[in-house]
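Dear colleague,

I am handing over the structure below, together with an account of what turned up when I went through it. Please read the notes with the coordinates open beside you.

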Amino acid sequence: YSIVDDRQQIGSGYTSLSLKVSAFKIRMGVRAEASQVQVLFRSDSTTVFRRYMNVLPNIGIQATIRKYGSLFMNYSQRIQRPGIHYLNPFVEYIDPYNVSYGNPQLLPSLFHSFQLGYSHSFKQSSFNASLNYQFSGNSIVSVNEWGRDTVKRATYGNLGDYHYAGL
């Protein structure tokens with residue numbers, strides 16, 4: 001595929017606030033992000049033009065337990081924008097039974113991340129443990145369709161239900 005013009009502009013602003021109340025440290029922030037994507041594909045003169053506005057919050061709370069230990073909890077939201085390959089509508093004929101093409105209607109995926117943990121400091125070492133969970137309800141995934149002509153058509157869609165947990 002040939003790309004004549006690819007312009008992506010991202011403007012963002014971030015603000016945060018940190019507080020200490022008794023044994024608690026609290027950090028809150030928000031990122032506002034405006035994105036503009038314009039791609040002109042030479043193959044069929046298709047133009048993809050998208051504007052996105054996202055507000056992405058985050059918060060962290062840490063509680064000191066006794067002198068050397070602390071519990072913490074974090075939440076954040078992240079964005080993943082589709083790359084040009086995912087947007088390109090040009091049909092690629094892999095073989096007589098398989099074709100693939102992008103989806104210019106894709107939206108950015110939003111991911112939510114949570115973390116809960118404990119940290120303890122010793123004289124010359126430390127112990128850290130945390131539980132992590134991340135999910136997205138609109139992640140970009142492959143979508144395959146088989147036609148009556150037995151040709152598999154592969155593209156992409158915001159159909160993913162992504163979940164990840166870790167220790």
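Which residues do ring pairs link into a cluster? They are Tyr75, Phe114, Tyr133 and Phe135. Please keep in mind throughout that this is a predicted model.

**Aromatic pairs**

The structure as a whole holds 6 aromatic pairs. One of them is formed by tyrosine 75 and phenylalanine 114, whose ring centres are 4.9 Å apart and whose planes make an angle of 45 degrees, so that the pair is classed as tilted, the class for angles that are neither under 30 nor over 60 degrees. Because tyrosine 75 belongs to strand β4 and phenylalanine 114 to strand β7, this pair ties together parts that are 39 residues apart in sequence. The two partners fall into separate accessibility classes: tyrosine 75 is buried, at a relative accessible area of 19%, and phenylalanine 114 is partly exposed, at 38%. The value for tyrosine 75 should be read with the cut-off in mind, since buried means under 20%.

**Glutamine 77 in strand β4**

Strand β4, which spans residues 69-80, also contains glutamine 77. With a relative accessibility of 11%, glutamine 77 counts as buried, and its side chain makes a polar contact of 3.4 Å with the side chain of histidine 112. If residues up to four places away in sequence are set aside, glutamine 77 touches Val55, Leu56, Pro57, Phe111 and His112, so that the polar partner appears again in this list of contacts.

**Salt bridges**

A search of the whole structure finds 3 salt bridges. In one of them the side chain of glutamate 33 meets that of arginine 31, with an N to O distance of 3.0 Å, and in another the side chain of glutamate 33 meets that of arginine 81, here with an N to O distance of 2.3 Å. Arginine 81 lies in the loop between β4 and α1 (84-87), while glutamate 33 is in strand β2 (residues 24-41), and the pair therefore ties together parts that are 48 residues apart in sequence. As for accessibility, glutamate 33 counts as buried at 2%, whereas arginine 31 is partly exposed at 30% and arginine 81 is likewise partly exposed at 27%.

The remaining salt bridge is between arginine 153 and aspartate 149, whose closest N and O atoms are 2.7 Å apart. Both of its partners are partly exposed, arginine 153 with a relative accessible area of 26% and aspartate 149 with one of 42%. Through shared partners, salt bridges join Arg31, Glu33 and Arg81 into one network.

**Strand pairing**

Strand β2, which carries glutamate 33, runs antiparallel to strand β3 (residues 46-65), and 18 bridges join the two. Valine 39 has valine 48 in β3 as its bridge partner. The two strands form a hairpin with 4 residues between them, and serine 45 in the turn has a positive phi of about 60 degrees.

Further along the chain, strand β7 (residues 109-121) pairs with strand β8 (residues 126-146) in the antiparallel sense over 10 bridges, and a hairpin of 4 residues joins them. Within this pairing, glutamine 115 stands opposite asparagine 132 in β8. Strand β8 is also paired in the antiparallel sense with strand β9 (residues 152-166), over 12 bridges, and here tyrosine 133 has alanine 165 in β9 as its bridge partner. Between β8 and β9 there is again a hairpin, with 5 residues between the strands, and threonine 150 in its turn has a positive phi of about 65 degrees.

**Nonpolar core**

The largest nonpolar core has 9 residues in all, namely Val37, Val39, Phe41, Val48, Tyr52, Ile84, Leu87, Leu106 and Tyr156. Strands β2 and β3 and helix α1 each supply at least two residues of this core, and the largest share, 3 residues, comes from β2. Valine 39 and valine 48, named above as bridge partners, are both members of this core. For tyrosine 52, leaving aside its neighbours within four places in sequence, the contacts are Glu33, Ala34, Ser35, Val37, Leu106, Leu107 and Pro108. Among them are Val37 and Leu106, which belong to the core, and Glu33, which takes part in the salt-bridge network.

With best regards

Note on methods: Residues are numbered from 1 along each chain as its sequence is written. This is a predicted model: local features need pLDDT of at least 70, side-chain atom pairs count only at pLDDT 80 or more; totals for chains, interfaces and linings use all residues. Side-chain values use heavy atoms; hydrogens and water are left out. Buried means under 20% relative accessible area, exposed over 50%, partly exposed in between (1.4 Å probe, protein chains only). A polar contact is a pair of N or O atoms within 3.5 Å; within protein, one must be able to donate a hydrogen and the other to accept it, and residues adjacent in sequence count only if both atoms are side-chain atoms. Contact means heavy atoms within 4.5 Å. A salt bridge is a side-chain nitrogen of Lys or Arg within 4 Å of a carboxyl oxygen of Asp or Glu. Two strands pair if DSSP finds at least two bridges between them. Rings of Phe, Tyr and Trp (its six-membered ring) pair if their centres lie within 6.5 Å; planes under 30 degrees apart count as stacked, over 60 as edge-to-face and the rest as tilted. A nonpolar core is a set of buried Ala, Val, Leu, Ile, Met, Phe, Trp, Tyr and Cys residues joined through side-chain atoms within 4.5 Å.
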